[in-house]
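User: Hi! I am new to reading protein structures and would like to practise. Could we go through this one together, step by step?

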Amino acid sequence: MTPEKDEKFPGKLIAVEGLDGSGKSTQIHLVHQWLQSTGYRVFFSEWNSSILVREATRKGKKRQLLTPTTFSLIHATDFADRYERQILPLLRAGYLVLCDRYIFTAFARDAVRGCDRAWLRKLYGFARIPDLTLFFRLPLTVALGRILEGRPQLKYFEAGMDLELNPDITESFRIFQGRVLGEYLTMVNEFGFTVLDATQTVFQQQGIVRRLIQERVDLGFFRKRYLQ
Amino acid sequence: MSLKRTYGMALAGVDLRKLSGTLIAIEGPDSSGRSTQIALLTRWLEQRGHAVAQVELRRSDLVGAELERAKQGNILSPRTLSLFYATDFYDQLENRIVPALRAGFVVLADRYIYTLMARAIVRGAEPEWAASVYSMAIVPDAVFYMTISLATLVQRTFQTHSELDYWESGMDCGLSRDWFQSFVRYQRKIRSEFFKMQTKYAFELVNANRSIAAVDRDLRGRIQLVLDRAEKPETRRVRRGRVN
C-alpha cells in the first residue's frame, strides 16, 4: 500500500460525478457499452460495497450510530477495499476503468456534513486522481425536479436528515443537495473537472463524452489483443 | 483541569474546554501486562474516589463485531483494515471517550492510536498518512509504553496462550513462514515504529520486565503526578512533545 498514487500505470481512470438526477450513471453506462462492444479492455466499477463494510454501514445507518466522522471513515474503508481489490489491480493490468462516482462524492458529501476538507483530502490521499473526471452540471432545481417528480422514498442519510436542516425530508433533501452542489463547484478547478451541460439530451451528451474520451485516451492501446 | 488538545485537526462538535477528565493511554504488545495493570489501576483509582472508564480497540458498537470477523478471515487489504480500525477508534472516541472525559472520568485506554499507526506503517502505509487519519484524536494526558524484552515476551505469551497469535505474529506481512521467526521480526518492527514516535508523542517508557506489583507501583506513582497536575493547573508542567 505504498506510494502507488504517482506511479505510472498503463491503465486509465475515468470518473463521472454530479448530483443525483444529473444523468451521470446513464452516460457512463453508455460509455461502457460503447467501449465493450468495440472490443476494448474496459471495466466498470460500481459503487457497491464489500459485504463486511455493507453490514456495518447498514447497522450504523439503521441505528443512527454514525457521526460525520465515522460516516466518512466507514465510506473511506469501503472505498479503500474496492480501490485496492479492484481499481488499482485493473489500472496496473492496463485496463480502462470507469467509475460511477469517485472520491469527489465523498469530498462533497462529507464536507457538507462538517468534516474538514483538508482532512478528507489526506484521508483519500492514496487514491489516484482520474485521468478524466466528467462533471455533469445541472441547475439545482432541474436536478431536484428529476428526482422528486417520481415521488421517491428518500432515505434518511441520502436526504441529509442527520444534519437536522429541516424536519420535512423532501425539504431537507433540497437543502442538502444544494450544499453538495456548492462543494462540487469548488472542486471544478481544484481537480480539473471537465464540466458537461447536463440539460442537453442524453444523445447529445453522449456524443460529447465519447469525443472527450477519444481526445484524452489513446484508445488503441486498450484494444484487446488475443494470444494465438 | 488540563486543557485537552487534538493532534492538529478539530474534532467536529466537541468543545475541548468541557473535557474535564483525564485520558491515560497504555501501550505495549500483547502479554506485556496492559490489561492486568489496567485492572489494578482501576481498583486503585476507584478506591481513591476517581470514576474510571476503560476503553480498548475493536470494541465499538459500530464496527466492533465486523472487525472481529475481518480479523478471522484476513480478507481485507492492509489499508482497508487500517481504515476499519480508524472507524472503530473514532466511534469509541466520540461515543465513549469524549462523554467520559466530559463527565470528569479518568479514562484508561488499553492501546490508543499509536498501535494503530505502527501496525499500518509496518504494513506499508506512509507515516504522514497514518498521522493525518488520527489527527482528530485527543492528546492523552499521559501515554505509557510498556517495554519488554523479546525473550520475556515470548515466555509470557506461551504461558498465557500456549500459542502465538496470527496477528501479533504479523503472519499477514510475509516476514517468514515460520510463526516464531515472524513473531520476533514483527514485534521488532512494531517496536522500532514506537521508538520513532516516542518523542513526537511524548511516550513515557515503563519497564514491563518487572513483577506485576513493581510495574503497578511505578504506574501509580506516575499517574498520581498526572492527576496532581490536573488538579493544580497553575503548577502544570508544559508537556514535552510536539504536536503536528
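User: Are helix 3 and helix 4 of chain A roughly parallel or roughly antiparallel to each other?

Analyst: Good place to start, and please keep in mind that this is a predicted model. Helix 3 (residues 68-92) and helix 4 (residues 103-112) of chain A pack at an angle of about 175°. Angles over 145 degrees count as roughly antiparallel. Helix 3 of chain A and helix 4 of chain A are therefore roughly antiparallel.

User: Which residues of helix 4 of chain A meet helix 3 of chain A?

Analyst: The axes of these two helices are 11 Å apart. From helix 3 of chain A, the residues taking part are Phe71(A), Ser72(A), His75(A) and Phe79(A). By class, the contact has 3 nonpolar, 2 polar and 2 charged residues. On the side of helix 4 of chain A, the residues are Ile103(A), Arg109(A) and Asp110(A).

User: Now to chain B. Which strands stand at the edges of its sheet?

Analyst: Here 5 strands form an open sheet with parallel pairing, in the order 2-3-1-4-5. A strand at the edge has a single partner strand, so one side of it is left without a neighbour in the sheet. In chain B, the edge strands are strand 2 (52-56) and strand 5 (203-207).

User: What is the bridge partner of Met146(B) in strand 5 of chain B?

Analyst: Let us look at the pairing of the two strands. Strand 4 (residues 142-147) of chain B runs parallel to strand 5 of chain B, and 5 bridges join them. One of the pairs is Thr147(B) with Asn207(B). For Met146(B), the partner is Val206(B).

User: How many residues of strand 4 of chain B are buried?

Analyst: Look at both faces of the strand. Ala142(B), Phe144(B) and Met146(B) point one way, while Val143(B), Tyr145(B) and Thr147(B) point the other way, and all are buried. Strand 4 of chain B is thus mostly covered, and the number of buried residues is 6 of 6.

User: Is Glu168(B) buried or exposed?

Analyst: Glu168(B) is in the loop between helix 6 (150-161) and helix 7 (179-197) of chain B. Beyond its neighbours within four places in sequence, its contacts include Arg111(B), Arg119(B) and Tyr186(B). Its relative accessible area is 9%, and the cut-off for this class is under 20%. Because of that value, Glu168(B) counts as buried.

Notes:
Residues numbered from 1 in each chain as written. Chains lettered and ligands numbered in written order. Predicted model: local features only at pLDDT ≥ 70, side-chain atom pairs only at ≥ 80, totals over all residues. Heavy atoms only, no water. Helix = DSSP H or I, 4+ residues; strand = E, 2+ residues; numbered from the N terminus. Buried < 20%, exposed > 50% of the residue type's maximum accessible area, 1.4 Å probe, protein only. Contact = heavy atoms within 4.5 Å. Pairing = 2+ DSSP bridges. Axes fitted to C-alpha atoms, helices over the stretch in contact; angles between N-to-C directions. Parallel < 35°, antiparallel > 145°, perpendicular 65-115°, else oblique. Nonpolar A, V, L, I, M, F, W, Y, C, P; charged D, E, K, R; others polar.
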